[in-house]
Amino acid sequence: MSSGKLSYSAIIKATIDAISIAARNFVKPERITIYYPYEKLEYGRARGWIGLLVEKCTSCMMCARICPANAIKMYVAPNGKRYPGIDYGRCIMCHFCIDVCPTEALFPTDIKELTWYDSKEMLYTPEMEREPPKIHQLHKPIKVAIKYAGGIPKKVKLA
């Protein structure tokens, strides 16, 4: 046997291992598919939608300056001050804007699942940032997480 090539016995063993894994998954499937909305994935430390308290904002624009994705645009309000609006099509949820805000006008929320029909809907003006988006839940979802056991992902139901 030359170096770098597998022996016939190693090839046969690898083939039998692959067939046994396929047979095991055929008999007892180990799916990690999330059946949304009946099941919801626990995101752990993932960050969510960003809220704005306009009355606390000083229009310092530090949030717009620090945003690495250039997702924050300042809008002029009727009172002449500028307030941040966020383009969630660009936002990478780094929350640097929240960290840098000296008055805590921007705040994090637990809202992590947002969907839009159109990319234009992803642009939130300061007025839209004031109120968190409405969450419509038709079913009480089961919380699940993906855990790795021995390098194999498994879906685990959480209490």
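Asp17 is partly exposed in this predicted model, because its relative accessible area is 35%, a value between the 20% that limits buried residues and the 50% above which residues count as exposed. Asp17 has its place in helix 1, which covers residues 8–27. What separation do the C-alpha atoms of Asp17 and Lys134 have? They are separated by 49 Å, and the two residues are 117 residues apart along the chain.

Now compare that with a histidine. Is His95 buried or exposed? His95 counts as buried because its relative accessibility is 7%, and the limit for buried is under 20%. You can find His95 in the loop between strand 4 and helix 3, the latter being residues 96–100. Setting aside neighbours within four places in sequence, His95 is in contact with Arg47, Gly48, Ile50 and Pro108.

Let us step back to the whole chain. The protein has four helices and eight strands. Read from the N terminus, its elements follow the order α-β-β-α-β-β-α-β-β-α-β-β. The protein is more spread out than a compact globule, because its radius of gyration is 24 Å, well over the 15 Å that the globule rule gives for 159 residues. Along the principal axes, the C-alpha trace spans about 80 × 45 × 30 Å.

How much of the protein is buried? Buried residues account for 26% of the 159 residues. The protein exposes about 11600 Å², and carbon and sulfur atoms supply 59% of that area. As for contacts between residues at least 6 apart in sequence, 67% of them join residues at least 24 apart. There are also charges to look at: 24 positive and 15 negative ones, whose mean positions lie 6 Å apart.

Next come the strands. Three of them form an open sheet in the order 3-4-6, with antiparallel pairing. At the edges are strand 3 (72–76) and strand 6 (123–124), each of which pairs on one side only. Strand 4, made of residues 82–87, pairs with strand 6 in the antiparallel sense over two bridges. If you look along strand 4 and strand 6, you can pick out Ile86, whose bridge partner in strand 6 is Tyr124.

Strand 7 takes part in two other pairings. Which way do strand 7 and strand 8 run, parallel or antiparallel? Strand 7 (residues 142–149) and strand 8 (residues 152–157) run antiparallel and are joined by six bridges. The hairpin of strand 7 and strand 8 has two residues between the strands, and Gly150 there takes a positive phi near 65°. Strand 1 (residues 39–41), by contrast, runs parallel to strand 7, to which three bridges join it.

Here are some residue pairs to look for in these strands.

| Residue | Opposite residue or bridge partner | Strand of the partner |
|---|---|---|
| Ile86 | Tyr124 | strand 6 |
| Lys147 | Lys154 | strand 8 |
| Ala149 | Ile152 | strand 8 |
| Lys40 | Lys143 | strand 7 |

Two of these rows are worth finding in the structure: Lys147 stands opposite Lys154, and Lys40 has Lys143 as its bridge partner. A good place to start is the hairpin, where Ala149 stands opposite Ile152 in strand 8.

Conventions:
Residues are numbered from 1 along each chain as its sequence is written. This is a predicted model: local features need pLDDT of at least 70, side-chain atom pairs count only at pLDDT 80 or more; totals for chains, interfaces and linings use all residues. Side-chain values use heavy atoms; hydrogens and water are left out. Two strands pair if DSSP finds at least two bridges between them. The radius of gyration is taken over C-alpha atoms; the globule rule is 2.2 Å times the number of residues to the power 0.38. Buried means under 20% relative accessible area, exposed over 50%, partly exposed in between (1.4 Å probe, protein chains only). Contact means heavy atoms within 4.5 Å. Accessible areas come from the Shrake-Rupley method with a 1.4 Å probe; for residues, only the protein chains shown count as cover. Lys and Arg count as positive and Asp and Glu as negative; His and the chain ends are not counted. The place of a charge is taken as NZ of Lys, CZ of Arg, CG of Asp or CD of Glu.
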